Amino acid sequence: MASVWTLHFRSLPLRIDSNIHDSSFDKMQPCPITSTNRIAIRNGISNLRSQLKHHSFNSIAKFHHRLVTSISMPPFLLNRNGGSNFPIWVCVAVVVLIAAVRVVSRKKERPGSVADLVRRGQLRSDRRGISRPLKYEDPFNNPFVKVGKSDSTVEMCGKVYRLAPVTLTQEQQATHQRRRSRAYQWKRPTVFLKEGDEVPPDVDPDTVRWIPANHPFATTATDLDEELAQNNVYQKHGVPFRIQAEHEALQRKLEALQNGEKLNKLVIDPSNAKEFERPFNSHARLNDQAEVNNQEQKPTKLVTDSMNAKDFERPFNSHASLNDQAEKSSVNNQATDFDSPKIDCGPNHVENASSEDPTL
Amino acid sequence: MPPLQLLPAFSKPLTPPSALLQWNRKPQLSGPTPRVAVITSGKGGVGKTTTTANIGLSLARLGFSVVAIDADVGLRNLDLLLGLENRVNYTALEVLNGDCRLDQALVRDKRWSHFELLCISKPRSKLPLGFGSKALTWLVDALKTRTSSPPPEFILIDCPAGIDAGFITAIAPANEALLITTPDITSLRDADRVTGLLECDGIRDIKMIVNRVRTDMIKGEDMMSVLDVQEMLGLPLLGVIPEDTEVIRSTNRGYPLVLNKPPTLAGLAFEQAAWRLVEQDTMQAVVVEEQPKRGFFSFFGG
């Protein structure tokens with residue numbers, strides 16, 4: 001309030017002065033200005049100034065008095081010296097606290113989340129379980145559906161609906177079936193051929209589906225090996241075919257590399273051999289790596305390329321992890337796969353293991 | 001063409017027709033298991049995927065093990081409706097290629113562990129030409145004979161729209177079909193054609209679900225009634241699903257309608273349809289319109 005008063009007082013004299021000046025000049029205009037009465041005018045102006053000054057002070061004082069008397073001050077402001085400003089500070093503190101809590105809570109809610117949408121009123125929170133999954137009542141005893149005693153009405157969700165009996169008879173169904181059998185003559189296609197392919201001799205031409213040349217099937221797809229695909233679908237246990245095949249191919253590559261090294265009479269570092277044999281022992285691997293680093297100084301020994309070593313580590317991991325997955329027959333769906341991403345924790349996770357191990 | 005026979009569901013009704021709704025007990029599974037049902041419509045956007053998700057989860061809630069196969073290869077959405085899109089790591093294509101086993105490609109729902117999802121391929125992967133009816137039949141057969149867990153009691157196949165290669169693939173392993181239609185003439189024409197193709201393929205057990213029914217429009221004669229639809233198609237009714245704005249909300253949230261709390265009209269209707277599917281029952285009466293409330297002011301026309 002004090003600031004408002006000062007604003008009023010700053011603007012007040014200017015406005016009053018201008019008014020007074022206007023009125024004074026209006027009064028002076030009819031007077032003729034001559035050389036003989038210049039002194040008198042000067043004296044008059046000085047008198048007028050002093051009058052105006054006095055008048056303005058009076059008007060300001062009156063205005064101030066009127067302002068003070070017009071505004072009724074609240075009692076707690078009037079009694080400020082009485083020491084009763086404690087409730088004010090309590091209110092201010094509560095407001096600040098609420099604002100701070102709201103700011104913090106808004107920062108926690110991510111924009112676009114369901115909770116955020118609910119807060120903005122775009123979703124209702126009472127309709128679906130956002131945080132709580134549905135455990136609604138016994139589906140065998142649904143209280144929301146009640147059939148009337150005469151079977152002519154049904155009450156669903158509080159609204160009563162009139163029921164009409166179904167009048168379809170078996171004769172009408174048979175009539176419709178006959179109509180459709182006459183209208184739609186169709187054989188389900190069993191063979192899909194691209195345009196330009198020849199129809200196999202033992203295939204009914206009516207069951208051939210011709211795929212246009214610009215169809216996505218024809219342009220982008222490759223044919224499946226039917227026997228192999230069928231075996232893959234019916235496989236119930238063990239490592240899937242392709243993973244197994246990739247593993248075997250990499251194993252053959254490793255053996256070929258080892259044989260090639262033997263033929264070249266090169267000495268394979270035993271530490272590297274250990275690395276291939278025991279990929280899960282991270283401690284041993286780290287120790288062995290330390291030994292390798294020491295042995296790298298010796299020019300007579302050949303150390304297998306570390307890149308190749310990494311290449312060979314992956315199939316062992318995947319193979320082992322797949323075996324682990326195959327053993328867990330009860331948890332073989334994707335939910336468990338998704339929930340347990342750390343199944344494959346072989347040498348690819350050496351750094352994590354070393355960081356977690358306090359002994360290292 | 002073999003001579004047409006009457007539908008087995010009608011030749012031998014398993015439940016007394018007097019019972020409109022039978023709660024207070026677990027539905028009695030009828031027919032040889034696993035039951036393989038394709039959910040198809042012909043026309044797009046009538047609610048095939050929504051029906052698959054909701055009926056599948058309803059069956060799981062009722063205690064039956066369900067595998068839902070999203071056979072809409074190019075435009076798969078079932079994973080989104082179920083909120084499982086982040087958990088699809090392997091698909092049937094990886095199974096065929098030998099990158100994983102079939103049991104690894106099944107995504108188990110954490111809310112209802114009886115429910116599993118199998119996607120055919122990832123959205124941007126190239127589907128080989130060889131993938132077709134044979135491959136889906138192998139997958140269904142492998143599910144029937146799986147040993148890692150008990151074989152499912154229901155296999156629901158979400159069929160793509162149209163009658164192209166995806167439709168041919170999806171209907172191949174099915175024994176029964178759920179035809180989804182809306183009460184408009186475009187959807188009805190497509191539904192009639194698809195029904196004819198299914199019957200030509202030897203699928204006799206076809207039941208109809210009429211979706212997006214609005215009783216207020218039926219009352220104003222702006223929409224065909226369910227009985228009109230049935231008269232045009234001549235198919236037994238499995239369910240009538242009212243139009244519900246909650247469908248869009250549940251779709252966007254990845255939380256199927258039947259899991260709503262409190263339940264919605266459409267969710268209850270899906271639940272009843274699932275109940276009838278288990279018992280191979282059909283609707284004996286349909287909802288026509290909302291009954292006007294009778295009170296003191298109704299005397300004055302209020």
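How many bridges join β7(B) to β8(B), and in which sense do the two strands run? I began here, noting that the model is predicted. I found four bridges between β7(B) and β8(B), and the two strands run parallel. Within this pairing I located B:Ile209, which stands opposite B:Gly239 in β8(B).

**Entry: the other neighbour of β7(B)**

I then looked up β6(B). Six bridges join β6(B) to β7(B), and this pair also runs parallel. I picked out B:Leu179, whose bridge partner in β7(B) is B:Met208. I followed the chain from β6(B) through α8(B) to β7(B) and noted that this β-α-β crossover is right-handed. I also checked how covered β7(B) is: eight of its nine residues are buried. I entered β7(B) as mostly covered.

**Entry: helix α10 of chain B**

Which residues of α10(B) are buried? The helix spans residues 226-233, and I listed B:Val226, B:Val229, B:Gln230 and B:Leu233 as buried. I looked down the axis of α10(B): the buried residues fall within an arc of 100°, so they line one face of the helix.

I next asked what covers these residues. From chain B the cover includes β6 (176-181), α8 (185-200), β7 (205-213), β8 (237-242) and β9 (285-290). Chain A also takes part, since α6 (170-183) of that chain is among the covering elements. Just after α10(B) I came to B:Gly234, which takes a positive phi of about 65°.

**Entry: α8(B) against α10(B)**

I checked how these two helices meet. Their axes come within 10 Å and cross at roughly 35°. I recorded the crossing of α8(B) past α10(B) as right-handed. On the α8(B) side the residues I noted are B:Leu188, B:Ala191 and B:Asp192. They meet B:Val229, B:Met232 and B:Leu233 in α10(B). I had already listed B:Val229 and B:Leu233 among the buried residues of α10(B).

**Entry: the sheet with strands from both chains**

Which strands form the open sheet, and in what order? I read the order as β1(A)-β2(A)-β3(A)-β9(B), four strands with antiparallel pairing. The edge strands are β1 (145-147) of chain A and β9 of chain B, each of which pairs on one side only. I noted an average twist of 30° from one strand to the next. β9(B) had come up before, as part of the cover over the buried residues of α10(B).

I looked at one pair in detail. β1(A) and β2(A), the latter covering residues 153-156, pair in the antiparallel sense over three bridges. The bridge partner of A:Lys146 is A:Glu155 in β2(A). I then found that α12(B), residues 265-279, packs on the sheet and touches β1, β2 and β3 (159-165) of chain A. The direction of α12(B) makes about 120° with that of β2(A).

**Entry: chain A overall, and one loop**

I noted 14 helices and five strands in chain A. Buried residues make up 24% of its 360 residues. Of the contacts in chain A with a separation of 6 or more, 40% are between residues 24 or more positions apart.

Last, I looked up A:Pro205, in the loop between β4 (191-194) and β5 (208-211) of chain A. Is A:Pro205 buried or exposed? Its relative accessible area is 56%, so I entered A:Pro205 as exposed. I also checked A:Thr190, 15 residues from A:Pro205 along the chain: the two C-alpha atoms are separated by 10.0 Å.

Note on methods: Residues numbered from 1 in each chain as written. Chains lettered and ligands numbered in written order. Predicted model: local features only at pLDDT ≥ 70, side-chain atom pairs only at ≥ 80, totals over all residues. Heavy atoms only, no water. Buried < 20%, exposed > 50% of the residue type's maximum accessible area, 1.4 Å probe, protein only. Arc of directions from axis to C-beta. Contact = heavy atoms within 4.5 Å. Pairing = 2+ DSSP bridges. Right-handed = clockwise from strand over helix to strand, strands pointing away. Axes fitted to C-alpha atoms, helices over the stretch in contact; angles between N-to-C directions. Left-handed = near helix turned anticlockwise from the far one by under 90°.
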